[in-house]
Amino acid sequence: MNNKNLKIKLIKVNKILDVNFYTGSIRLGDLFEHYEVPIYVPWKSPCHADSGYQRAPKDKRVENISDRTLLDVEDPQSFVDNINLNLRSEKAETYCKPVFIEDEDYGSFYMLEYIQELGNFQLVDGQTRVKGAEKAMHKALDDGDYEKAQIIEDTQVSINLTFTEDVFVEAY
């Protein structure tokens, strides 16, 4: 990404639990640089916001996605379904502006100008697929297949995106 701001095209879809939902797409290489997974920490109270809620992915499933990705990088079948992301920043949604002035209805087009200060995207759903694709990219790089690695990085995947600091709403 070379320290430039990341621009993500979105469509405002709905409001649920007092949170706006957007849909769009993101380049895998950009997601690889800016995500984290809220992994469940055993013996920590589930009432603490930092306790996490995701199970750690199974290595075999991540490996299977990696192998499947490398088999045909031009047809990313593992990403037929959306990745669900959340930005845990009170001000993050203010960086999401309507493309057409005064068109802020549901179904309208938006542009998110993501900056690192907003924090990483929380990977709410899709961690096995993202980690598998990331592993495939690293395998391609290790094998010196820079073209294949670049194709993986440049793959656009569908996302659902929310903006809430409430970890419990995020997990729900």
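Where is the place of aspartate 18? Aspartate 18 sits in the loop between β1 (6-16) and β2 (19-27). Strands here are DSSP runs (E, at least two residues), helices are runs of H or I with at least four, and both are numbered from the N terminus.

This is a predicted model, in which local features need pLDDT of at least 70, side-chain atom pairs count only at pLDDT 80 or more, and totals for chains, interfaces and linings use all residues. Residues are numbered from 1 along each chain as its sequence is written, and side-chain values use heavy atoms, with hydrogens and water left out.

**Two loop residues with positive phi**

Most residues other than glycine have a negative phi. Aspartate 18 has a positive phi of about 65°, although it is not a glycine. Aspartate 18 is exposed, at a relative accessible area of 65%. The bands are these: buried is under 20% relative accessible area, exposed is over 50%, and partly exposed lies in between (1.4 Å probe, protein chains only).

Glutamate 102 also is not a glycine and has a positive phi of about 65°. The loop between β5 and β6 holds glutamate 102. With 76% relative accessibility, glutamate 102 counts as exposed.

**Salt bridges**

A salt bridge is a side-chain nitrogen of Lys or Arg within 4 Å of a carboxyl oxygen of Asp or Glu. By this rule the count is seven salt bridges. Three of the pairs are listed here, including the one made by aspartate 18.

| Pair | Closest N to O distance |
|---|---|
| Lysine 15 and aspartate 18 | 3.8 Å |
| Aspartate 30 and arginine 27 | 3.0 Å |
| Glutamate 63 and lysine 139 | 2.4 Å |

Lysine 15 is partly exposed, at 42% relative accessibility. Its partner, aspartate 18, is exposed at 65%. Aspartate 30 is buried, with a relative accessible area of 8%.

What does the salt bridge between glutamate 63 and lysine 139 join? Glutamate 63 lies in helix α2 (residues 59-71) and lysine 139 in helix α3, so the pair ties together parts that are 76 residues apart in sequence. Glutamate 63 is partly exposed, at 22% relative accessible area. Lysine 139 is partly exposed too, at 24%. Both residues belong to a network of salt bridges that links Glu63, Asp67, Lys135 and Lys139.

**Helix packing**

Helices α2 and α3 pack at an angle of about 55°, and their axes are 7 Å apart. Axes are lines fitted to C-alpha atoms, for helices over the stretch in contact, and angles run from 0 to 180 degrees between N-to-C directions. α2 and α3 are therefore oblique to each other. The classes are roughly parallel under 35 degrees, roughly antiparallel over 145, roughly perpendicular from 65 to 115, and oblique for the rest. The crossing of α2 and α3 is right-handed. A crossing is right-handed if the near helix is turned clockwise from the far one by less than a right angle, and left-handed if anticlockwise.

Helix α3 (residues 127-142) also packs against helix α4 (residues 146-154). Here the angle is about 160°, with the axes 7 Å apart. α3 and α4 are therefore roughly antiparallel to each other. Their crossing is left-handed.

Aspartate 154 lies in α4. Aspartate 154 is partly exposed, with a relative accessible area of 40%. Between aspartate 154 and glutamate 90 there are 29 Å in space, C-alpha to C-alpha, and 64 residues in sequence.

**A nonpolar patch and a buried histidine**

Which residues make the nonpolar surface patch of about 430 Å²? The patch is made by Ile11, Val13, Val99, Phe100 and Phe109. Patches take residues with over 30% relative accessible area and no salt bridge; like charges are joined within 9 Å, and nonpolar side chains (Val, Leu, Ile, Met, Phe, Trp, Tyr) within 5 Å. Valine 99 lies in the loop between β5 (96-98) and β6 (109-114). Valine 99 is partly exposed, at 41% relative accessible area.

Histidine 34 is in the loop between α1 (28-33) and β3 (35-36). Is histidine 34 buried or exposed? Histidine 34 is buried, with a relative accessible area of 6%. Histidine 34 and glutamine 122 are 88 residues apart in sequence, and their C-alpha atoms are 8.8 Å apart in space.

Definitions and conventions:
Accessible areas come from the Shrake-Rupley method with a 1.4 Å probe; for residues, only the protein chains shown count as cover.
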